[in-house]
Amino acid sequence: MSVLAALDLGLALLVVGVAAWTVSARNLFAAVVGYVAYGLLLALVWVRLYAPDVALTEAAVGGGVTGVLLVTAGKRLDALASAEIGAPPGRGLKIFAGALAALVAGALAWVVLTLPSTPPSLAPAAAEAASGPGAGLGNPITAVLISYRSFDTMLEKVVLILAVLGVWSVGADAAWGRAPAPLRKPEPDGAMILLAQVLAPVGLLIGLHIFWVGADAPGGAFQGGALLAAMGMVAMMARLMAPPRIDSRKLRLALVAGPAVFLVVGVAGLMLAGHLFAYPQNFAKPLILFIEAFMVVSIAVALPMLVSGPPDGGAK
Amino acid sequence: MTPSVLAGLVGAALVGLGLYGLISNPHPLRKLLAFNLVGSGVFLVFGIVARRGAAAGFAFDPVPQAMVITGIVVAFAASALAVALILRLAAASGKVTLDPRAWTKPGEGGQ
């Protein structure tokens with residue numbers, strides 16, 4: 001067994017082991033910490049599958065931001081002192097769940113082992129889109145996201161806005177228009193403030209860099225935006241920044257900027273390049289970077305608002 | 001065993017673990033966490049298809065990878081919505097459970 005194969009096997013066992021820990025850990029906080037570690041390990045698996053773009057997204061969104069979301073949710077749930085937790089299921093249900101899980105996992109494993117030898121693939125079509133008219137991008141993933149499957153990517157931004165609306169609408173009626181509760185109730189200590197002051201500017205720069213190189217190298221609007229969002233959350237945790245009021249016009253404009261610009265450029269493609277979401281030949285790359293810049297803004301604003309939760313009625 | 005087959009088997013195991021956690025953990029946030037495990041397992045199995053596009057002479061197949069990136073972000077958005085609903089349910093009812101039996105006890109409905 002070569003070194004790389006041994007590393008692969010070790011990584012696989014580690015990922016499954018940490019996942020088992022997050023399922024079986026005694027308290028919620030331990031499970032969430034396990035989940036963050038799991039997200040980072042899974043990112044390494046994606047790197048091994050030649051998918052650095054997916055790895056960046058998994059590490060930033062799957063591990064990091066989801067971890068903050070669940071830790072914050074756990075703290076807020078603890079603050080509701082009267083909360084009563086349901087009883088664990090009986091032995092019979094557990095055995096049934098175990099059998100069902102084993103059956104599903106076994107069926108999936110069987111499918112993985114018996115995949116047809118000549119895979120159907122859209123890779124040639126996508127490669128053509130990446131190098132042909134309407135792109136000129138070195139990173140095929142970005143080309144697929146913004147050019148080849150641009151409509152999907154635009155709608156996904158709309159999904160983010162819908163999720164933000166959904167989260168806001170869960171708040172109490174009287175709280176509408178106010179700011180969400182801060183991410184941390186207690187006053188932050190010196191170490192947290194120092195971390196935010198030192199880390200946030202560096203993270204901001206790296207986030208912008210990841211967005212900028214995304215056209216030709218691993219990176220792009222999602223990964224860069226998620227990093228900027230994470231820096232915003234670090235600043236919010238250190239109370240250097242407060243969540244904005246949800247009726248703020250700036251906030252709402254930033255939220256819709258990405259999909260709105262994408263849609264306008266897409267419809268303009270109807271007149272300039274012949275069909276919807278097509279880009280004119282010589283002008284494609286600057287146009288794509290233009291769209292992505294606004295998408296970064298929307299993602300960087302939407303993710304912290306999703307983590308912050310609904311507007312808080314208690315805050316004056 | 002190639003890395004992609006191994007990753008596919010890991011994905012299958014993650015789906016199984018997540019499914020078990022989803023059913024057997026009574027805490028709604030733990031259920032949400034388990035559901036995210038199922039999700040990432042599905043992404044991983046799907047990612048195997050991306051890796052197999054390499055057989056056609058490419059380093060990788062960018063289409064499934066782009067779809068997984070989109071999927072991760074949408075999964076996060078759905079998780080955030082679920083968290084908001086769970087917290088509101090707990091604030092309104094004082095119960096942190098999705099067990100229907102907890103809601104049908106006499107004198108304990110709602111508020």
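User: Into which domains is chain A divided?

Analyst: Good place to start. This is a predicted model, and in it chain A falls into domain 1, residues 1-79, and domain 2, residues 132-316. The C-alpha centres of these two domains are 23 Å apart.

User: How many residues of domain 1 are in contact with domain 2 in chain A?

Analyst: To read a domain contact, count the residues on each side and then look at their chemistry. Here eleven residues of domain 1 of chain A meet 14 residues of domain 2 of chain A. On the domain 1 side, seven of the residues are nonpolar, three are polar and one is charged.

User: How many residues does each chain bring to the contact between chain A and chain B?

Analyst: The approach carries over from domains to chains. Chain B brings 72 residues and chain A brings 82. On the chain B side, the elements giving two or more residues are α1 (3-24), α2 (28-52), α3 (62-93) and β1 (95-96). The largest share, 23 residues, belongs to α3(B). By type, the chain B side has 50 nonpolar, 15 polar and seven charged residues.

User: Now a single helix, please. What span does α10 of chain A reach from its first C-alpha to its last?

Analyst: One can set the span of a helix beside the value expected for its number of residues. Helix α10 of chain A, residues 249-272, has 24 residues and reaches 32 Å, close to the 34 Å expected at 1.5 Å a residue.

User: Where does α10(A) bend?

Analyst: At Ala257(A), by about 45°, and Pro259(A) follows within four residues. Just beyond the helix, α10(A) is followed by Gly274(A), which has a positive phi near 100°.

User: Which residues of α10(A) are buried, and what do they pack against?

Analyst: A general idea helps here: an α-helix has 3.6 residues a turn, so residues three or four places apart point the same way. In this helix, the buried residues are Leu255(A), Gly258(A), Pro259(A), Val261(A) and Phe262(A). The buried residues of α10(A) pack against α7 (150-169) and α11 (284-308) of chain A.

User: Let me try one residue on my own. Why does Ala55(A) count as buried?

Analyst: The way to tell is to count C-beta neighbours, with 20 or more within 10 Å as the cut-off. Ala55(A) counts as buried because it has 22 C-beta neighbours inside 10 Å. Ala55(A) sits in helix α3 of chain A, residues 52-79.

User: Which residues does Ala55(A) touch, leaving out those up to four places away in sequence?

Analyst: Ala55(A) touches Ala43(A), Trp46(A) and Val47(A). You can also look at Leu42(A): Leu42(A) and Ala55(A) are 13 residues apart in sequence, with 7.6 Å between their C-alpha atoms.

Definitions and conventions:
Residues are numbered from 1 along each chain as its sequence is written. Chains are lettered from A and ligands numbered from 1 in the order in which they are written. This is a predicted model: local features need pLDDT of at least 70, side-chain atom pairs count only at pLDDT 80 or more; totals for chains, interfaces and linings use all residues. Domain bounds come from an automatic or database domain assignment. Two residues are in contact if their C-beta atoms, placed from the backbone, lie within 7 Å. Ala, Val, Leu, Ile, Met, Phe, Trp, Tyr, Cys and Pro count as nonpolar, Asp, Glu, Lys and Arg as charged, and the others, Gly among them, as polar. The expected span of a helix is 1.5 Å times one less than its number of residues. The bend at a residue is the angle between axes fitted to the seven residues ending there and the seven starting there. A residue is buried if 20 or more other C-beta atoms lie within 10 Å of its own, exposed if 12 or fewer, and partly exposed in between; C-beta atoms are placed from the backbone.
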